[in-house]
Amino acid sequence: MKSIIINLQKTIFLLWKILLYFLLMSIFIGVFSFPNPQLLRLSRTLGVTLLTFAAVGYGMINAYGKFDIGQRKSKPIIYSLGLAVIITDIVTYIQLAVMNTNPANNSTLKFENLGCLVIVMGLQVFLIVVMTYLGNYVYFRINHPEISCIVTSSRESMQQIYVAVNRYKKQYNIKYILDYRDKNLYDTILKCHTVFIYDVPIKDRTEIFEFCYRHSRNIYFNPDVPDVVEFNAQHIVLDDVSLIGATVKELSLEQRFIKRSMDLILSGIGLVVSSPIWLICAVCIKAEDGGSVFFKQKRATKNGEVFEVYKFRTMKENVENFSSTADDDRITKVGKVLRKCRLDELPQILNILKGEMSLVGPRPEMLENVYSYTAQLPEFEYRLRVKAGLTGYAQIAGKYNTSPRDKLILDLMYIENYSLWKDIKLLFQTLIVLFKSDSTEAFDSKRRIEFPEYKNIENEVNTDEQ
């Protein structure tokens with residue numbers, strides 16, 4: 001009976017998602033049918049427009065994220081779907097303008113009826129907001145948070161994983177926090193639906209993992225380098241023996257050519273398009289304190305090669321050099337705005353044109369950080385197998401103050417799973433960063449949680465983390 005209810009629930013939410021996608025397309029066709037009546041009858045224009053909207057929409061949704069209610073918070077879903085549908089609208093609008101360039105309509109290409117485009121975008125975003133909040137509301141009214149426990153190895157690790165999981169209170173109800181050496185560990189796991197394993201030695205993690213799997217418990221664990229390599233490996237069969245093949249990942253000659261060509265073309269276009277912004281930033285920086293507009297700093301790129309990265313200056317001149325912290329008094333007023341909007345990164349386009357960086361790749365770390373992180377985590381140097389990037393998986397999925405180990409894992413996920421489509425997808429996803437309020441969170445601004453004891457904390461942990 002329970003499985004029938006679960007399957008029925010999945011079907012209902014699937015229909016809810018299909019309804020949203022159908023309504024988004026219907027809004028575009030319906031509004032643009034006023035100036036384009038051919039969209040209301042079976043015509044070539046209708047067919048091509050529907051096909052364009054569906055194809056571009058599918059690509060954008062795959063790039064930004066699906067309508068996955070119950071899995072993500074409402075705002076991230078709205079941001080990702082909103083951007084996806086806006087880009088889809090623009091491309092479809094251009095396609096419609098091209099098709100209207102004919103003897104019966106416009107003799108030359110005209111971008112008309114912009115008011116309709118604005119109305120379409122407004123109605124679609126409103127629809128996304130309503131259906132997302134309503135869908136998540138209904139989902140979490142039906143599905144209660146999973147009883148969860150955290151298994152970790154230290155207070156510092158406990159702090160990191162607890163803060164992260166506790167942001168998703170509607171999905172997970174953290175009832176227990178235990179050290180992996182706790183004698184009551186397995187009895188406690190049996191009381192839970194979901195287990196988070198964080199910073200536990202691989203040997204012990206494997207035992208806990210097998211126990212959870214044997215007893216049908218959901219498992220989440222933070223990967224180590226071998227896990228990343230295995231995740232992106234292939235299953236092969238030699239004779240009748242199953243093996244996991246983790247071959248060395250290197251960009252082929254064709255991939256390097258395409259990646260470099262894309263860097264040159266897109267960064268060249270970006271330089272021209274953003275030139276007015278450069279001028280505004282330069283005037284504002286100069287007007288505040290009369291200092292230099294640009295800031296240069298030595299960073300590490302592929303194979304540890306050192307280069308000077310270009311940025312708009314966001315700090316006072318002649319101050320000590322270290323990663324920014326919360327309420328950092330070295331940051332200027334203009335600098336705070338530039339950092340918030342990520343505009344201080346624009347001059348790195350020059351580094352890309354020079355071949356020192358790529359559009360997509362690991363963040364170029366300060367040399368001081370590279371030496372410090374590598375001393376604590378020797379594997380950190382694996383990030384230097386590819387060129388540093390203006391944007392990347394770690395920059396999008398993580399934050400400014402993401403831990404070195406988590407940065408390493410995110411960057412290795414990119415390196416070990418490289419593809420041209422992944423680069424394009426990450427370039428589109430970079431727009432999402434502008435909507436993330438915590439993307440520029442400083443290194444010492446993470447909330448500290450104090451627990452009475454490092455043990456079973458059922459009903460003892462209370463925070464206002466959202």
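## A quick tour of helices 5 and 9

The buried residues of helix 5 are covered by, among others, strand 1 (146–152), strand 2 (172–179) and strand 3 (194–197). Keep in mind as you look around that this is a predicted model. Besides helix 5, the notes below visit the contact of helix 9 with helix 15, and then one residue of helix 9, K259.

**Helix 5**
- Helix 5 covers residues 155–166, so look there for its 12 residues; from its first C-alpha to its last it reaches 16 Å, close to the 16 Å expected at 1.5 Å a residue.
- Its buried residues are S157, M158, Q159, I161, Y162, V163, V165 and N166.

**Helix 9 against helix 15**
- Helix 9 takes in residues 253–289 and helix 15 residues 420–433; the two pack with their axes 11 Å apart, at an angle of about 25°.
- Since angles under 35 degrees count as roughly parallel, helix 9 is roughly parallel to helix 15.
- Their crossing is right-handed.
- On the helix 9 side, the contact is made by I258, K259, M262 and L266, and helix 15 brings L420, D423, I424 and L427.
- Sorted by class, that contact has 6 nonpolar residues, 2 charged ones and no polar ones.

**A closer look at K259**
- K259 sits in helix 9 and is one of the residues that helix 9 uses to meet helix 15.
- Is K259 buried or exposed? Its relative accessibility is 10%, and buried means under 20%, so K259 counts as buried.
- Apart from neighbours within four places in sequence, K259 is in contact with L251, S358, V360, Y414, Y418 and D423.
- D423 also appears among the helix 15 residues that make the contact with helix 9.

Terms used. Residues are numbered from 1 along each chain as its sequence is written. This is a predicted model: local features need pLDDT of at least 70, side-chain atom pairs count only at pLDDT 80 or more; totals for chains, interfaces and linings use all residues. Side-chain values use heavy atoms; hydrogens and water are left out. Axes are lines fitted to C-alpha atoms, for helices over the stretch in contact, and angles run from 0 to 180 degrees between N-to-C directions. Helices (H or I, at least four residues) and strands (E, at least two) are DSSP runs, numbered from the N terminus. Angles under 35 degrees count as roughly parallel, over 145 as roughly antiparallel, 65 to 115 as roughly perpendicular and the rest as oblique. A crossing is left-handed if the near helix is turned anticlockwise from the far one by less than a right angle, and right-handed if clockwise. Contact means heavy atoms within 4.5 Å. Ala, Val, Leu, Ile, Met, Phe, Trp, Tyr, Cys and Pro count as nonpolar, Asp, Glu, Lys and Arg as charged, and the others, Gly among them, as polar. Buried means under 20% relative accessible area, exposed over 50%, partly exposed in between (1.4 Å probe, protein chains only).
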